[in-house]
Amino acid sequence: MKVLVTDGDNRAALAITRSLGKAGHHVVVGERKETSLSSVSSSCRGRFVYPDPVSHPRGFIEALLGRAAEEGIDVIMPVSDISTLLVTGHRHMFTKSRIPFASFETLDMAARKDRLFETARELNIPVPRTVVLKRNGEGHKGNLDIDFPVVVKPHRSRIQGPDGKWLSASVSYASDRNELLNVLGMKKGQYPLLLQERIQGPGIGVFACYDRGALKAIFSHRRLREKPPSGGVSVLCESIPVPALAREYTEALLGRLGWHGVAMVEFKLDERDGVPKLMEINGRFWGSLQLAIDAGVDFPSMLMDIAMGREVRPCFEYRTGVRTRWFWGDVDSLLMVLLKNRRSLQLPPDHPGKLGSILRFLKPSLNGTHLDVLRLNDPRPWFHETSMWFRNQLGRG
């Protein structure tokens with residue numbers, strides 16, 4: 001089968017390309033540039049360049065349509081948030097290619113954190129204490145029912161403007177009212193905004209694959225290190241048994257939404273009561289996808305079978321204690337700690353600081369950890385990433 005994978009510089013795209021190439025599929029990789037992390041993989045059989053989906057969404061879709069028709073693509077697998085929303089939003093145009101993801105409406109509902117938390121409360125799923133600011137100026141009221149420090153979140157991670165272009169919206173932190181007002185002043189175009197209590201505790205990811213509402217696979221990992229170190233993309237993670245409560249909440253949420261395809265449901269394990277608190281749902285593949293594959297849950301191959309209408313054998317058991325490390329992301333995280341102060345990084349109280357971070361980075365027990373980009377049977381993506389990392393450092397310098 002011929003499959004088109006978008007966002008070739010994404011590590012999830014590399015994991016998909018390797019998985020499907022190994023399974024014998026003809027993988028075509030698209031990106032904004034010809035050479036990408038996935039396109040240099042030995043599993044890639046074709047590559048092409050498309051316009052930036054962030055600034056040229058229409059051109060992006062037209063490029064995918066043209067390539068799909070030219071190659072006779074059977075299945076399209078978008079990877080990033082924006083690519084996934086754009087492809088599913090134009091599903092009706094891809095008449096000869098299958099898109100094994102939830103509907104645009106379902107993905108949009110899951111991406112809207114304000115609506116998601118309303119659904120979670122209806123299902124009695126714990127969420128951080130939250131105040132929603134629906135419009136600019138509400139944050140200046142003196143009766144906000146929230147304690148500091150507070151996390152300021154946009155209602156969604158990607159916001160589409162009136163011109164169709166997509167804007168990135170980031171999470172910020174405020175330790176007092178004055179800092180909060182400054183943060184709100186920089187987010188005027190991102191309302192509604194969510195003010196949330198900051199939950200201290202490890203992050204838990206629950207990853208699932210559904211076939212038209214039926215759960216086919218579930219997997220979990222815990223984040224050991226992140227980029228940025230205050231909380232973000234996982235750079236070192238370990239497979240763990242799916243926590244019972246987190247699984248219960250995940251199945252309740254995705255069941256309510258009638259899910260189809262893959263999803264990542266994120267929780268924070270609240271150290272105050274040991275209860276996982278819902279953070280968000282991402283209806284796409286995730287950066288640490290290679291860990292799930294290393295542990296025995298091959299989500300890309302499973303989703304490919306679902307797309308082709310094949311019978312999929314459920315996978316609920318896998319190897320625990322498997323670790324995967326994004327090396328250059330881990331280096332970036334360490335450099336942030338070494339070159340910035342705790343306050344600017346918004347580090348939690350239990351963070352080990354500079355010396356502790358160096359020792360953790362060099363810890364001998366990591367010798368048996370998988371590197372998610374470097375694979376001896378497919379080394380070119382590693383060389384490409386390493387080259388790009390040094391180029392970026394020289395450019396910043």
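This report describes the sheets, helix contacts and some local backbone features of a predicted model.

## The parallel sheet

Towards the N terminus, four strands with parallel pairing make up an open sheet whose order is 3-2-1-4. Its edges are formed by strand 3 (44-49) and strand 4 (75-77), each of which pairs on one side only, and the twist from one strand to the next averages 25°. Within this sheet, strand 1 (residues 2-5) and strand 2 (residues 26-31) run parallel and are joined by four bridges, with Val-5 standing opposite Val-29 of strand 2.

Helix 2 (residues 57-71) lies across strand 1, strand 2, strand 3 and strand 4, and its direction makes an angle of about 145° with strand 3. The loop that leads from strand 1 to helix 1 (11-22) contains Asp-7, a residue other than glycine whose phi is nevertheless positive, near 55°.

## The antiparallel sheet

A second open sheet is also built from four strands, here in the order 5-10-6-9 and with antiparallel pairing. Strand 5 (130-133) and strand 9 (172-174) are the edge strands, each pairing on one side only, and the average twist between successive strands is 25°. Strand 6 (residues 150-154) pairs with strand 9 in the antiparallel sense over three bridges, and Val-151 is found opposite Tyr-173 of strand 9.

Two helices lie across strands of this sheet. Helix 5 (residues 113-122) lies across strand 5, strand 6 and strand 10 (193-197), at about 50° to strand 10, whereas helix 6 (residues 177-185) lies across strand 5, strand 6, strand 9 and strand 10, at about 155° to strand 9.

## Helix 4, helix 5 and a salt bridge

The axes of helix 4 and helix 5 come within 5 Å and cross at roughly 85°, and the two helices are therefore roughly perpendicular to each other. On the helix 4 side the contact involves Asp-108, Met-109, Ala-110 and Ala-111, which meet Lys-113, Arg-115, Leu-116 and Thr-119 of helix 5. Sorted by class, the residues of this contact comprise four nonpolar, one polar and three charged.

Asp-108 also takes part in a salt bridge with Arg-156, in which the side chains meet at 2.5 Å from N to O. Arg-156 belongs to the loop between strand 6 and strand 7 (158-160), while Asp-108 belongs to helix 4 (residues 104-111), so this pair ties together parts that are 48 residues apart in sequence. Across the whole structure, a search finds 27 salt bridges.

## Helix packing around helix 10

Helix 10 (residues 327-339) and helix 12 (residues 353-361) have axes that come within 9 Å and cross at roughly 160°. The two helices are therefore roughly antiparallel to each other, and their crossing is left-handed. Helix 10 contributes Phe-327, Asp-330, Val-331, Leu-334, Val-337, Leu-338 and Leu-339 to the contact, and helix 12 contributes Gly-353, Lys-354, Ser-357, Ile-358 and Phe-361; these residues divide into eight nonpolar, two polar and two charged.

Helix 10 packs against helix 13 (residues 380-396) as well, at an angle of about 25° and with the axes 10 Å apart, and these two helices are therefore roughly parallel to each other. In this contact Phe-327, Trp-328, Val-331, Asp-332 and Leu-335 of helix 10 meet Trp-382, Glu-385, Thr-386, Trp-389, Phe-390 and Gln-393 of helix 13, giving seven nonpolar, two polar and two charged residues. Phe-327 and Val-331 of helix 10 take part in the contacts with both helix 12 and helix 13.

## Cis peptide bonds

Phe-148 and Pro-149 are joined by a cis peptide bond with omega of about 0°, and Pro-149 is located in the loop between strand 5 and strand 6. Another cis peptide bond joins Lys-227 to Pro-228, with omega of about -5°; here the proline lies in the loop between strand 12 (214-227) and strand 13 (233-239).

Key: Residues are numbered from 1 along each chain as its sequence is written. This is a predicted model: local features need pLDDT of at least 70, side-chain atom pairs count only at pLDDT 80 or more; totals for chains, interfaces and linings use all residues. Side-chain values use heavy atoms; hydrogens and water are left out. Axes are lines fitted to C-alpha atoms, for helices over the stretch in contact, and angles run from 0 to 180 degrees between N-to-C directions. Angles under 35 degrees count as roughly parallel, over 145 as roughly antiparallel, 65 to 115 as roughly perpendicular and the rest as oblique. A crossing is left-handed if the near helix is turned anticlockwise from the far one by less than a right angle, and right-handed if clockwise. Contact means heavy atoms within 4.5 Å. Ala, Val, Leu, Ile, Met, Phe, Trp, Tyr, Cys and Pro count as nonpolar, Asp, Glu, Lys and Arg as charged, and the others, Gly among them, as polar. Two strands pair if DSSP finds at least two bridges between them. A salt bridge is a side-chain nitrogen of Lys or Arg within 4 Å of a carboxyl oxygen of Asp or Glu.
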